[in-house]
There are 2 protein chains.
Amino acid sequence: MTIKDSKFLALRTIMQTENIDGFLLPHGEAYNGDYNPFYVEGLQYLFGFSGSLGMGLITNDKAFLFIDGRYTIQAKQETAGTDIICDSYNYDNIAKALTNAGTKTLGIDKQLFSENQFIKIQNLCDKANITIRALAKNPLASLMSDEVKIPATPAFELPLEYAGVRTEDKRKHICEQLKTLGVEASFIAAADSLAWLLNIRGNDVPHFPVSLSNGILLADGGFLWFIDDKKSQTLDLDNVEILPPASLESTIKRLNLRKIHLDPASVSAEIFDLCRSLNIDIVQGVDLCQFPKACKNSTEIKNARLAHEWDGVAICEFLCWFSETAHLGGLSEVSAAEQLWSFRVKNPKCIEPSFDTISAVGANGAQCHYRASATSDSVIKSGDIYLVDSGGQYLEGTTDITRTVAVGGVAPDFIKEHFTRVLKGHIALARARFPRGITGGHLDGLARAPLWEAGLDFAHGTGHGVGSYLSVHEGPQNISSSSYGVALEAGMIISNEPGYYQEGSHGIRIENLVLVNDTGLIGEHALPIYEFETLTLAPIDKSLIKVSLLNEAEKNWLNAYHKRVQERLSSSLRVATRNWLESACAAI
Amino acid sequence: MTIKDSKFLALRTIMQTENIDGFLLPHGEAYNGDYNPFYVEGLQYLFGFSGSLGMGLITNDKAFLFIDGRYTIQAKQETAGTDIICDSYNYDNIAKALTNAGTKTLGIDKQLFSENQFIKIQNLCDKANITIRALAKNPLASLMSDEVKIPATPAFELPLEYAGVRTEDKRKHICEQLKTLGVEASFIAAADSLAWLLNIRGNDVPHFPVSLSNGILLADGGFLWFIDDKKSQTLDLDNVEILPPASLESTIKRLNLRKIHLDPASVSAEIFDLCRSLNIDIVQGVDLCQFPKACKNSTEIKNARLAHEWDGVAICEFLCWFSETAHLGGLSEVSAAEQLWSFRVKNPKCIEPSFDTISAVGANGAQCHYRASATSDSVIKSGDIYLVDSGGQYLEGTTDITRTVAVGGVAPDFIKEHFTRVLKGHIALARARFPRGITGGHLDGLARAPLWEAGLDFAHGTGHGVGSYLSVHEGPQNISSSSYGVALEAGMIISNEPGYYQEGSHGIRIENLVLVNDTGLIGEHALPIYEFETLTLAPIDKSLIKVSLLNEAEKNWLNAYHKRVQERLSSSLRVATRNWLESACAAI
């Protein structure tokens, strides 16, 4: 593929008709807001890029793909042999590219941009004297129409034994905030917020069990749900009115609102425009479902422990099988991932993977979000370092685990040092206690310090929030060195996943999910002290550990963790796996 | 003193004349911006409060003092027996107090509020339907006139052998930024920024060697310096015009500016009003001197090492003397502080203390900013925990060190555990390496984790920036769990001072100053890796360490640090002190 490729040519023809000499195509992770098939698949269609976050720019004679650190290597590979210019995803680089291309009029589909994103684009265009043209119709719509089907699976209710709290009670709680804010309604754009609020789920998107739709929460607790009636016909929710998506604009007009709450990070620039055109006062603020959704209730917590036990059984069966099989040769990344999935689905409780498994050997492991495929399916052999990052969706919860193992149980000393430093960071975070008010940003240094000490680091966040039978990535909590996130609150589930990646050689990541618990201790300023409970249950490969680098506290943590893994899982394992686990969990 | 005290009565009489039923009196640390004698001394005068940060509110029948966590205990003691209501310093509490007092019109002296502070007050008054009245004359001016003398010491040039970079070169560098911002001038309100920019110092304020004045940097590198000519008469700086402070308004009018840069955190609301009234476009941004001032140049760094060596000699002489004397009894907090000062001034290079020494025994040590005085001068006895936080001003640099020692060399086990956890945090920070881009906020957890582990914490920042023969507290860098500060940059000097305070029992703090150095290593994303060089040289009391709580890396750090202290200081010590130091620095 080159940029003279027919798809680009066809797009440029439409661009000429629309009188634009630039077209900007965002691609966000679907859970961040409005979902749109062109939105999600456009970068794959045009650029062949399969990552989950990026921004494409097509000008008269150039094509740019902006991606973040996770995708640097992958984007390079997926666009190899083309003229596509890959660069880091930031607004300075987008501005530079627009200026260098001499763009005069930039076309944009405002449905695809959150208000925040649009304002950033507007600011950089203002500075560069570029005119923005909001397009009535996305140019990709006609190009991709044959390839894209709008998902329309039935939405279903998540029973109370999983949801834990009734939708009426959730809505009542959020409505109190609407009253405090003095607004009559809040537009809910994020698919997972809507799923949480109504206790419904769907299968419109792989791995992400939501029903693509949006709606308006009214201050009296009523909900106007814009969803295709084919998807909602079996549902009858109290105080929820089902309306066709096409009626959104007329409904908002009919409501005659004075004041509405909108989250500029998830609500589209188009909805903002609509409210402004109707003279509705906009109170901007974070999606009101986000925080309560992140703080799991007692039912969700109890179930999360169960889901992680089931998931741990599958992982142990896989790791045992892998340790017996992989060093013999002949196994590939794809076949290993398939085998892992076969262990997960042995348990009928496991519904689907929570994301595409990353099964990566050697240098492929240095791509944080590598996806093995028929064309890039490397063979695993003894002496390799193998990284597998996978998860499952259960009605009881969402899992996400990464293990890195030495194929054949041996590895060079320098890789063991890398692994042990990653492990030290993982343990420092797992052992951390901290008072209420502390954010993930404050804890991030704990996970990185052992790597920093050796002049090493990793180019992704240390932790992301995880939903409850929802998205494997959710906010507002995170553990990061580039943002701080919100204060960690009891009930939040978050990943603990430091790593280290050496391009062309190997990748290491150790990922467990942890739950924020209240210790019952009270610290300074009468603030409660929190700690992490590690939910994920699976052994960490001891053959990659350089024991001399661990101090006593670290050894004690590892031994206690392995003891707990064994106690919780052994009775559910096959005899051979149980024996393997006994040795994998023996104290160091 | 009660709130019916004559000063309050007199103030309320003026308030009636001014038609206000509330008067708000801020008290910031002088280095934050404009200095004003009423500003600095008002809270002491009215409330008897001697701390360095607070906000007073006087209503018709109540008086409130808002202070931060450092001053909770001190404010309680200093206002004991009065009706003054002490509360945490935040804008919610100020709003609550104004509402509860039924205030209708709040008087404010806009000279005393930075623009940022004023906007916050304005917002909370708007919400509470309170009118703000900007007072033409501060009501305290007439009340305090007899007690206050406006400082007027001569300003003097700091020779290049200390400043390191010529003022012309500094101004040229900042002027490039003025050009980028498209402004014709920047108002320099912060006394230390002005001192740094012009390479001048003064003695207007104890401990803080600045000459109180402000000025305007012009885009051509010229500087209009508003300073009393009695203070500046010996000075003749190239391209610097000296003007009387009273001509500020007319000068700004005469300049006929179109666009000016103002820092809303340090420039007063009054100056903002003046510029607005003259239709000058305001470009808001951080004080442009702040960042380059924080990144010490090679001369300042070389000299800082020297100043810390001299200071370390004084501290060692003191600690040796203290270890021989204190356990015998009869020594008091004040006499110990005087003795420490006498050791410092033995070196003629030491000009003055960099702040009032905190010399605190037992429960007094639990007040982070305790100041012993004739009325609260506790006697030190064997078995006590003694905390001493002090520093010196040298032309070569500013020092700040805290040591906590067990009088008589013994302490209960629980206090040793507290001390050792503080030490573990101190060491974790001292050993930290981190890539460029990391802020103090990201590192803060390293210093607190060993305390958090036991459900403990401390209610102050872990680190503050330190000037070069300037303020012992400077921005923009910090290490804190309540703010993040800027990315740490090579050349910055910052304190490493975790602590632990048990009210009514004891206080512990271990403070060294550290310098951010480039390791020469390059990490991910081609970012340089930085590390801290500990500048402060003095032994840490081993009799307070529970060695079993330290891991090997921590023991190694402590032993290496003590070895360095001994190597650098021994030859400058008296024989008795040299012998004492040998034992104090012996490996554990």
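**Exercise 1. Which strand do two bridges join to strand β20 (residues 392-394) of chain B, and in which sense, parallel or antiparallel, do the two run?**

Solution. Start with the conventions. This is a predicted model, in which local features need pLDDT of at least 70, side-chain atom pairs count only at pLDDT 80 or more, and totals for chains, interfaces and linings use all residues. Residues are numbered from 1 along each chain as its sequence is written, chains are lettered from A and ligands numbered from 1 in the order in which they are written, and side-chain values use heavy atoms, leaving out hydrogens and water.

Step 1. Helices (H or I, at least four residues) and strands (E, at least two) are DSSP runs, numbered from the N terminus. Two strands pair if DSSP finds at least two bridges between them.

Step 2. The partner is β21(B), joined to β20 of chain B by two bridges, and the two strands run antiparallel. Within this pairing, B:Gln393 faces B:Thr398 of β21(B).

**Exercise 2. Place strand β20 of chain B in its sheet and find the helices that pack there.**

Solution. Step 1. The sheet is open and has three strands of chain B in the order β16-β20-β21, with antiparallel pairing. Its edge strands are β16 (350-353) and β21 (397-398) of chain B, each of which pairs on one side only.

Step 2. Helix α14 (residues 298-325) of chain B packs on this sheet and touches β20 and β21 of chain B. Contact here means heavy atoms within 4.5 Å. The direction of α14 makes about 140° with that of β20(B). For such angles, axes are lines fitted to C-alpha atoms, for helices over the stretch in contact, and the angles run from 0 to 180 degrees between N-to-C directions.

Step 3. Helix α15 (residues 333-345) of chain B lies across β16 and β20 of chain B, at about 160° to β16(B).

**Exercise 3. Describe the sheet of chain A that contains β19, including its edges and twist.**

Solution. Step 1. Three strands of chain A, in the order β17-β19-β22, form an open sheet with antiparallel pairing.

Step 2. At the edges stand β17 (358-361) and β22 (401-406) of chain A; each has a single partner strand, so one side of each lacks a neighbour in the sheet. From one strand to the next, the twist averages 10°.

Step 3. Four bridges pair β17(A) with strand β19 (residues 385-390) of chain A in the antiparallel sense. A:Ile358 stands opposite A:Asp389 in β19(A).

**Exercise 4. Locate the cis peptide bonds before Pro476 and the positive phi values of two asparagines.**

Solution. Step 1. In chain A, a cis peptide bond joins A:Gly475 and A:Pro476, with omega about 5°. A:Pro476 is in strand β25 (residues 474-479) of chain A.

Step 2. In chain B, the bond from B:Gly475 to B:Pro476 is cis, and omega is near 0°. B:Pro476 lies in strand β25 (residues 474-479) of chain B.

Step 3. A:Asn239, not a glycine, has a positive phi near 65°. A:Asn239 is in the loop between α10 (229-232) and β12 (240-243) of chain A. Buried means under 20% relative accessible area, exposed over 50%, and partly exposed in between (1.4 Å probe, protein chains only). At 45% relative accessibility, A:Asn239 is therefore partly exposed.

Step 4. B:Asn199 also has a positive phi, near 55°. B:Asn199 sits in the loop between α9 (191-198) and β9 (200-201) of chain B. Its relative accessibility is 7%, so B:Asn199 counts as buried.

**Exercise 5. Determine how the two chains are related.**

Solution. Step 1. Superpose by least squares on the C-alpha atoms of residues with pLDDT of at least 70 in both copies. Chain A is laid on chain B with an RMSD of 0.0 Å by a turn of 180° and a shift of 0.0 Å along the axis.

Step 2. The two copies are therefore related as by a two-fold rotation axis. In chain A, the C-alpha nearest the axis belongs to A:His442, at 2.4 Å.

Step 3. Of the interface residues of chain A, 100% are also interface residues in chain B, so the copies meet through the same surface.

**Exercise 6. Assess the predictor's confidence and the overall build of chain A.**

Solution. Step 1. The complex has an ipTM of 0.81 and a pTM of 0.87 from the predictor. pLDDT is the predictor's confidence in each residue, from 0 to 100. Chain A averages 92, and 96% of the residues score at least 70. Over residues 29-39 of chain A, pLDDT stays under 50.

Step 2. Chain A has 19 helices and 30 strands, and 60% of its 588 residues are buried.
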